[in-house]
Amino acid sequence: MNAVRMDWSREEISGIFHSPVMDLLHRAHTVYRENFQAGEVQVSSLLSIKTGGCPEDCAYCTQSAHYDTGTPGQSLLSVAEVMRKAAEAKALGATRFCMGAAWRQVRDGDEFDQVLRMVREVSGMGMETCCTLGMLTEEQARRLKSAGLYAYNHNIDTSEAFYGKIISTRTYQDRIRTIEVVRKAGITVCTGVILGMGETDEDRVAFLHQLAMLDPHAESVTVNCLIPAQGTPLQDRPPISPILLVRVIATARILMPHSMVRLSAGRQGLSPESHLLCFYAGANSIFAGERLLTAPNREVSADGAMFEEFDLKVMAGDLARAHPGGAGSPAGRG
Ligand code: SAM
Ligand code: SF4
């Protein structure tokens, strides 16, 4: 088994990314089998706890106040409502529950206190809690950790060179700094990218390099496909080829052998065959449930049928492994 490396060069990564696809798949699948139980897929659920009206101008996002996307806004949900949704997700087999807010950054005050209560309650249900709330201070990260937060998501989205074409209201370095704050507080890191925003292969190699240089690697690496949303500057972007998605997943698996590679937004347009290739390339986590923040997700029944047909098993979450009998019923199917 090869050691985990954080010193990959851009040239090495480019060589892997551009290798013949059969060789790339074989290598990625070998790395996957060396590090994980083949055929086990972790299932997460994602809920928007505060929707719309965000001051950032992320060109892909339905929740930015800069674009007229018709997405209905929603103020912060109550703790009871979030607990109800978490219980539903748990009943469907999810072991991780992620809560997203359309904030540029966390502000101290009543709303943050309410989020801390949500984290406490959902953790108390035996699920891994994850939040994605924008930028954080060290003190806020410490408070989230004390409330029981297991993971924090903060995507780098793309390469540093391409970032300015997608977002102008914050910098790439702001993003990296928040990831460092999360890591320092002892919360596990979830970060990743969006494919299909107009980036080149050079950008793809660059963002994979950025992820591979994180020391330690993120525990969870998300690979999203753009969901082109009406009213956003990226509304007319064509879908990417599934083989490109497979290349990115396979390269991520080889570079970050111990990380969960999470197939996230954009699964709705993927055929079962493309899903199979993604799993073979080393993706071992998905978001399931009827919605992904503001976008519709792949139908739960279609995911259930796919789990059956591919003989996939729902992986117990870290917490369930630590406390057998807790979270992680093998539902996930319809
Ligand atoms: N406001 C916080 C932030 O930006 O970090 C958290 C919520 S934000 C909606 C979470 C992530 O969802 C983004 O970083 C982006 O990677 C992803 N995302 C948002 N809209 C998307 C879209 N239309 N297609 C694919 N991914 C998207
Ligand atoms: Fe706001 Fe996050 Fe959407 Fe950007 S991605 S506009 S920060 S909610």
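## Starting inside a helix

Which helix does Leu116 lie in? Leu116 lies in helix α4, which covers residues 110–124. Before going on, keep in mind that this is a predicted model.

So is Leu116 buried or exposed? With a relative accessible area of 4%, Leu116 is buried, because buried means under 20%. Now look for Lys145: it sits 29 residues away from Leu116 in sequence, and the two C-alpha atoms are 9.3 Å apart in space.

## The surroundings of ligand 1

Next, turn to ligand 1. How many residues surround ligand 1? There are 16 of them, and the closest are Tyr60, Asn155, Asp157, Arg175 and Ile227. Sort the residues of this shell by class and you get nine nonpolar, five polar and two charged.

Three of those closest residues are worth picking out on screen. Tyr60 uses its backbone here: one of its backbone N or O atoms lies 3.0 Å from a nitrogen atom of ligand 1. Ile227 also brings in a backbone N or O atom, which lies 3.0 Å from a nitrogen atom of the ligand. With Asp157 you should look at the side chain instead, where an N or O atom is 2.7 Å from an oxygen atom of ligand 1. Taken alone, ligand 1 exposes 540 Å², and the protein buries 89% of that.

## The surroundings of ligand 2

Which residues are around ligand 2? Here you'll find Cys54, Glu56, Cys58, Tyr60, Cys61, Ser64, Ala102, Trp103 and Arg170. By class, that makes six nonpolar residues, one polar residue and two charged ones.

Did you spot a familiar name? Tyr60 is on the list for ligand 2, and Tyr60 is also among the closest residues to ligand 1.

## Salt bridges, one by one

How many salt bridges does a search of the whole structure find? The search finds 15. Let's go through a few of them.

Start with helix α5, residues 138–147. Arg142 and Glu139 form a salt bridge there, and their closest N and O atoms are 3.0 Å apart. Why can these two meet? They are three residues apart in the helix, so about one helical turn separates them. Both ends of the bridge are partly exposed: Arg142 has a relative accessible area of 44%, and Glu139 has 42%.

Another bridge is in helix α8, residues 201–213. Asp201 pairs with Arg204, with the closest N and O atoms 2.6 Å apart. These partners are also three residues apart, so the spacing is about one helical turn. Are the partners buried or partly exposed? Asp201 is partly exposed at 30% relative accessible area, while Arg204 counts as buried at 9%. Elsewhere, salt bridges with shared partners join Arg5, Asp7 and Glu12 into one network.

Let's zoom in on that network. The side chains of Arg5 and Glu12 meet in a salt bridge, 3.0 Å from N to O. Arg5 counts as partly exposed, at 26% relative accessibility, and Glu12 is partly exposed too, at 31%.

## A covered strand

Now find strand β6, residues 220–225. How many of its six residues are buried? Six of the six are. In a regular strand, side chains alternate between the two faces of the sheet. On one side of β6 you'll see Ser220, Thr222 and Asn224, and on the other Val221, Val223 and Cys225. Both faces are covered.

Which way does β6 run beside strand β5? The two strands pair in the parallel sense, over six bridges, with β5 made up of residues 188–195. To see the match for yourself, look at Leu195, which stands opposite Cys225 in β6.

## Two more places to look

Thr95 lies in the loop between α3 (79–91) and β2 (96–101). Although Thr95 is in a loop, it counts as buried, at 1% relative accessibility. Its side chain is joined to the side chain of Gln42 by a polar contact of 3.4 Å.

Finally, where is Val314? Val314 is in strand β11, residues 313–314, and it counts as buried at 15% relative accessibility. Val314 and Gly93 are 221 residues apart along the chain, but 7.2 Å separates their C-alpha atoms.

Methods:
Residues numbered from 1 in each chain as written. Chains lettered and ligands numbered in written order. Predicted model: local features only at pLDDT ≥ 70, side-chain atom pairs only at ≥ 80, totals over all residues. Heavy atoms only, no water. Near = heavy atom within 4 Å. Polar contact = N/O pair within 3.5 Å; in protein donor to acceptor, adjacent residues only side chain to side chain. Areas by Shrake-Rupley, 256 points an atom, 1.4 Å probe, with all protein chains shown as cover. Nonpolar A, V, L, I, M, F, W, Y, C, P; charged D, E, K, R; others polar. Salt bridge = Lys/Arg side-chain N within 4 Å of Asp/Glu carboxyl O. Buried < 20%, exposed > 50% of the residue type's maximum accessible area, 1.4 Å probe, protein only. Helix = DSSP H or I, 4+ residues; strand = E, 2+ residues; numbered from the N terminus. Pairing = 2+ DSSP bridges.
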